[in-house]
Amino acid sequence: MTMGALGVVYGDIGTSPLYALKEAAKTAAHGATVPPDAVLGVASLILWALLLIISLKYALLILRADNRGEGGIVALLALLHARNAQPGTWRSHLLVVGLVGAALLYGDGAITPAISVLSAIEGLKVDAPSLAPAVVPVTVVILVGLFMMQKQGTGFIGRIFGPVMLAWFAVLAALGIHGIVKAPAVLAALSPLYAVEFLIHQDFHVSFAILGAAFLAVTGGEAMYADMGHFGRLPIRLAWFAICLPALVLNYFGQAALLITDPAMIENPFFQLCPDALHYPLVAFSAVATVIASQAIISGVFSLTQQSIQLGFLPRMQIRHTTSDAIGQIYVPLVNWLLAAATLGAVLSFGSSDALAGAYGIAVSLLMAITTLLAALVAIQWGYSPWLVVAVNGAFFVIDVIFFSANSIKLFEGGWFPLLLAALVAFMMLTWRSGVKLVEAARAKLRQPEEDLIETAVNKCSARLPGTAVFLASAPRGVPLALTQFVKHNRVLHERVLLVTVLIEESPHIPDEERAEVIEIIPGITRVILHYGFMQNPTIYDGLTLTCRQGMLPGIDLSDITYYVGRETIIPREDVPGMWVWREGLFAFLQRNAERSAAFFGVPTKQVVEFGTELEI
């Protein structure tokens with residue numbers, strides 16, 4: 001598990017040495033060179049950022065805030081019960097903050113592959129400056145291949161991620177030691193005094209710019225928390241403290257030692273650490289490592305999309321499971337190609353890792369601040385002393401805000417790009433969430449109570465058809481609109497009727513023994529409520545199969561039943577209270593293009609009948 005965590009969790013932060021110290025040193029440089037005291041200050045700043053933010057805050061503190069083993073922004077929202085919060089309450093405001101945090105991961109997902117792969121391919125320019133025009137085309141080819149590969153699944157590649165990244169961290173450490181041996185005086189930067197004195201003696205705007213550049217060394221730390229459910233708390237901590245942290249510190253100090261001995265190496269100190277004969281192999285190895293880092297963030301975006309769909313924050317989309325033996329291996333075609341377009345757009349627009357560094361960091365620092373805030377509220381909810389939580393999380397929140405402020409000065413240098421992407425995603429999430437509530441309110445007005453169904457079944461149906469019918473219900477109460485339409489037009493009912501509702505709980509996984517809840521309304525009419533966690537695939541057929549196997553639905557042949565599904569057409573109306581009409585129009589567009597209910601919930605397509613209904617919102 002520790003080896004797997006190396007490949008998936010630490011790919012992003014593990015490739016930060018390609019560009020982090022270089023950008024921070026350039027910011028602190030006076031002209032074409034950087035003074036030794038500035039180099040020591042930057043190295044000390046990066047070291048203590050890694051220790052405070054990644055080691056202390058994430059590895060030791062934030063990893064405690066798990067939802068039955070799962071982590072990430074969505075897990076925090078579930079723990080705080082913000083999903084069904086009433087409008088105007090503090091929990092509803094938390095939902096908005098949390099969805100903004102989730103949306104920021106999409107902005108990060110577009111920038112990470114671009115800056116990582118670009119910074120690796122730029123190593124070609126160290127020995128052959130004439131290859132500079134080839135950097136962007138080669139990067140585009142690699143990224144296109146990466147996004148095309150997603151539909152094949154990452155099972156095989158995932159098995160080699162860990163060993164490759166272990167070798168990568170070994171190379172980082174070896175290069176760092178090679179540099180430190182030449183200038184052992186760099187070890188003085190282990191003292192935090194160098195970082196503090198360096199920042200104090202700079203102009204205010206220069207100090208902020210250096211903080212923003214140094215923050216690039218800790219981007220990727222959020223993956224430790226987001227991927228906790230895949231590997232567990234102990235393997236993630238072990239991989240960090242035993243392998244990643246020592247290798248990263250050695251490499252950053254090795255680069256700093258190189259700049260002390262030869263300040264002219266500031267253009268690319270990472271590759272200059274390497275002996276000349278190994279430059280091209282190191283470029284190739286760096287490209288492999290950055291592809292792994294990119295794959296990790298892409299898989300994280302797929303996982304976040306799945307969780308957001310299950311919890312009702314995004315419209316239903318086609319989700320393909322690329323392997324039958326690993327629950328986390330999924331492919332979301334629409335998200336994959338939208339992410340590809342944003343990533344390639346970033347590469348072509350910015351053109352270099354230096355330019356992209358301006359776009360990188362602002363979204364991640366804001367996401368880290370939101371995570372700290374939500375984790376503090378979870379800790380208070382769990383009974384920890386509010387004074388202790390405010391003292392500890394408050395200190396980290398201040399650090400997060402400082403880093404966010406430092407990155408904010410890069411807003412017009414490219415920081416607007418991930419924020420714009422995040423704003424679009426957050427707006428779509430909030431629009432979808434509000435629209436779903438309006439639709440459910442419209443359904444509730446049309447939905448018959450169960451008493452009317454009993455009256456209809458007993459007195460108003462002219463006949464009972466042989467066989468079993470399953471009506472999909474969006475709510476665990478009342479009569480599904482599809483059943484109302486069926487009885488209205490046909491005046492008959494099947495001998496056996498199942499009203500099936502899927503409920504996504506705020507836990508990541510629901511065990512099989514708690515999957516189904518069966519309630520007999522009257523003989524022949526049964527309500528079945530299937531409970532799934534937000535990390536699970538909510539398949540109705542599998543749920544009913546399990547329910548039958550458990551003996552809760554005797555006498556039903558699932559191969560000989562008909563599923564009746566309602567398909568709603570949304571009509572935006574100005575005279576009906578709700579959102580602005582143009583937002584309702586956007587919701588209607590999303591709803592029309594969402595994955596059909598039958599396909600999303602795994603209903604056998606040859607057994608489906610759809611009933612159309614118009615709903616005004």
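In strand β6, arginine 527 is the bridge partner of isoleucine 519. β6 (residues 525–532) runs antiparallel to β5, and 6 bridges join the two. Helices (H or I, at least four residues) and strands (E, at least two) are DSSP runs, numbered from the N terminus; two strands pair if DSSP finds at least two bridges between them.

The model is predicted: local features need pLDDT of at least 70 and side-chain atom pairs count only at pLDDT 80 or more, while totals for chains, interfaces and linings use all residues. Residues are numbered from 1 along each chain as its sequence is written, and side-chain values use heavy atoms, with hydrogens and water left out.

**The sheet and its helices**

The open sheet has 6 strands in the order β5-β6-β4-β3-β7-β8, and its pairing is mixed. Its edge strands, each paired on one side only, are β5 (516–522) and β8 (608–616). From one strand to the next the twist averages 25 degrees.

Helix α21 (residues 416–446) packs on this sheet and touches β7 (561–571) and β8; the direction of α21 makes about 100 degrees with that of β8. Contact means heavy atoms within 4.5 Å. Axes are lines fitted to C-alpha atoms, for helices over the stretch in contact, and angles run from 0 to 180 degrees between N-to-C directions. Helix α24 (residues 540–549) lies across β3 (463–472), β4 (492–504), β5, β6 and β7, at about 115 degrees to β6.

**Helix α21 against helix α25**

The axes of α21 and α25 (residues 581–592) come within 9 Å and cross at roughly 85 degrees. α21 is therefore roughly perpendicular to α25, a term for angles of 65 to 115 degrees. Among the residues in contact are Phe427, Trp432 and Leu438 of α21, and Trp582, Phe587 and Leu590 of α25. By class, the contact has 11 nonpolar, 4 polar and 2 charged residues. Ala, Val, Leu, Ile, Met, Phe, Trp, Tyr, Cys and Pro count as nonpolar, Asp, Glu, Lys and Arg as charged, and the others, Gly among them, as polar.

**Positive phi in loops**

Histidine 81 and arginine 491 are residues other than glycine with positive phi. Exposed means over 50% relative accessible area, buried under 20%, and partly exposed in between (1.4 Å probe, protein chains only).

| Residue | Phi | Loop | Relative accessibility |
|---|---|---|---|
| Histidine 81 | about 55 degrees | between α5 (73–79) and α6 (90–121) | 45%, partly exposed |
| Arginine 491 | near 55 degrees | between α23 (481–490) and β4 | 55%, exposed |

Definitions and conventions:
Angles under 35 degrees count as roughly parallel, over 145 as roughly antiparallel, 65 to 115 as roughly perpendicular and the rest as oblique.
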